[in-house]
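Please work through the exercises below with the sequence and the structure side by side, and try each task before reading its solution.

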Amino acid sequence: MMPAEWMAPLAAFLVCWMLLSWLLQRGRLPMDHPNERSLHITPTPRIGGLGIMAGVGVAAVWLAEAGLLQAALPVVLAAFALAAVSVLDDVRGLPVALRFLAHFVAAVACLLALGLTGWALLAGTLAVVWMTNLYNFMDGSDGLAGGMAAIGFGALALAALLGDAAGLAAFCAAIAAAALAFLRFNFPPARVFMGDAGSIPLGFLAAALGILGAMQGVWPWLFPLLVFSPFIVDASVTLIRRGLRGEKVWQAHRSHYYQRVVLLGATHRQLALAAYALMLTAAALAFALLLYLQYTAWLLILSAAIYLLIILVIDWRWHRIPE
């Protein structure tokens, strides 16, 4: 193993940890104020994404200098372009249309550079833009999005290592390491939130690196979908149901299933630990799919059954609340 392959995740962890420690000692930070979507009740700094992306950036430079990041370079550049736009959004606030335009431009430019064309480019763009925003939708409870990043990208790193994709493995491990450092400050009770500067590029990276690994034959395309399915299922089912009820899906709300769990009485810590168990289960099922492709249909049925059971239980509890 080359030094850059194991030093890059360590550097990402340390840079994120030190930067967030320093920033939290400063005054006048961008704050996340409670609104109709929020589960928190006190203003909290939303600078966690700066630490995560700084750590990932240092790791990316390290790996690029070692010649381990050529294939992923379009993904890295697009992710940091989105991070820059998202920092502006965190600090000043940007129109929704402008943010969506940036997401689409980044997705198209990245996937074109990776070699996608035609219908594959269209489908890939929609998937990347959806995952980019989905991650932002699900960043609403202490420890949740950071845990998904640590477990999800950790699973991608292990799969890439098993698939002899050293550069991809090291980069995914660096993202997971930066997320772990962020969790030091975000695990309930959170001292800092991720903000769009973290959730937007992380969602983009989850989708774009998933596509890159599938194109390189490192994993089947279902693997990253299953790894990140705890977020994908919650956000997708919630927004589809809101749309069917005629609600404005782009407006802030508190009807995600993870939000309902807290509103039903669970603490942020209880939710985070339960979510980590679900994320690890999803990752285990993804590795079962990776190792036993002949059982793909059965593994997908099992995954669907788990999510259906969780949805039905939460819905049942929710509808028992007195009017």
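The exercises that follow concern a predicted model, and each task is followed by a worked solution.

**Exercise 1. Surroundings of a serine**

Determine where S236 lies, whether S236 is buried or exposed, and which side chain makes a polar contact with the side chain of S236.

Solution. Begin with the position in the chain: S236 belongs to helix α10, which covers residues 229–244. Next comes accessibility, where the relative value for S236 is 18%, and because buried means under 20%, S236 counts as buried. Then turn to the polar partners: the side chain of S236 makes a polar contact with the side chain of W130 at 3.2 Å, and the side chain of S236 also reaches the backbone oxygen of I232 at 2.7 Å. Finally, leaving aside residues up to four places away in sequence, S236 touches W130 and L134, so that W130 appears here as a contact as well as a polar partner.

**Exercise 2. Aromatic pairs**

State how many aromatic pairs the structure holds, and then work out why the pair of F187 and Y276 is classed as tilted.

Solution. The structure holds 9 aromatic pairs. In the pair of F187 and Y276, the ring centres are 6.3 Å apart and the planes meet at 35°, so the pair is tilted. To place this pair, note that F187 lies in the loop between α7 (166–186) and α8 (196–215), whereas Y276 is in helix α12 (residues 268–291), so the pair ties together parts that are 89 residues apart in sequence. As for accessibility, F187 is partly exposed with a relative accessible area of 25%, while Y276 is buried with a value of 14%.

For another arrangement, take F223 and F287, whose ring centres are 5.2 Å apart and whose planes stand at 80°, so this pair is edge-to-face. The pair links distant parts of the chain, since F223 sits in helix α9 (residues 222–227) and F287 in helix α12, 64 residues apart. Both F223 and F287 are buried.

**Exercise 3. A cluster and charges over rings**

Identify the residues that form one aromatic cluster with F185, and find which charged end sits over the ring of F185.

Solution. The cluster consists of F13, W17 and F185. The charged end of R184 sits over the ring of F185, at 5.5 Å from the ring centre. A further case involves R260, whose charged end sits over the ring of Y257, 5.5 Å from its centre.

**Exercise 4. The largest nonpolar core**

Name the residues of the largest nonpolar core that touch the most other members, and say which element gives the largest share of this core.

Solution. The core has 98 residues, and those touching the most other members are F153, F171, F204, L209 and F228. The largest share of this core comes from α7, with 14 residues. To see one of these residues in more detail, consider F171, which touches V56, A60, L63, L69, V76, L205 and L209 when residues up to four places away in sequence are not counted.

**Exercise 5. Cysteines**

Explain why C110 and C172 are not joined by a bond between their sulfur atoms.

Solution. The closest cysteine sulfur to that of C110 is the one in C172, and because the distance is 13 Å, the two are too far apart for a bond. Likewise, C172 is in no disulfide, and the structure holds 0 disulfides. Both cysteines are nevertheless buried, C110 at 2% relative accessibility and C172 at 0%.

Terms used
Residues are numbered from 1 along each chain as its sequence is written. This is a predicted model: local features need pLDDT of at least 70, side-chain atom pairs count only at pLDDT 80 or more; totals for chains, interfaces and linings use all residues. Side-chain values use heavy atoms; hydrogens and water are left out. Helices (H or I, at least four residues) and strands (E, at least two) are DSSP runs, numbered from the N terminus. Buried means under 20% relative accessible area, exposed over 50%, partly exposed in between (1.4 Å probe, protein chains only). A polar contact is a pair of N or O atoms within 3.5 Å; within protein, one must be able to donate a hydrogen and the other to accept it, and residues adjacent in sequence count only if both atoms are side-chain atoms. Contact means heavy atoms within 4.5 Å. Rings of Phe, Tyr and Trp (its six-membered ring) pair if their centres lie within 6.5 Å; planes under 30 degrees apart count as stacked, over 60 as edge-to-face and the rest as tilted. A charge sits over a ring if NZ of Lys or CZ of Arg is within 6 Å of the ring centre and within 35 degrees of the ring normal. A nonpolar core is a set of buried Ala, Val, Leu, Ile, Met, Phe, Trp, Tyr and Cys residues joined through side-chain atoms within 4.5 Å. A disulfide is a pair of cysteine sulfur atoms within 2.5 Å.
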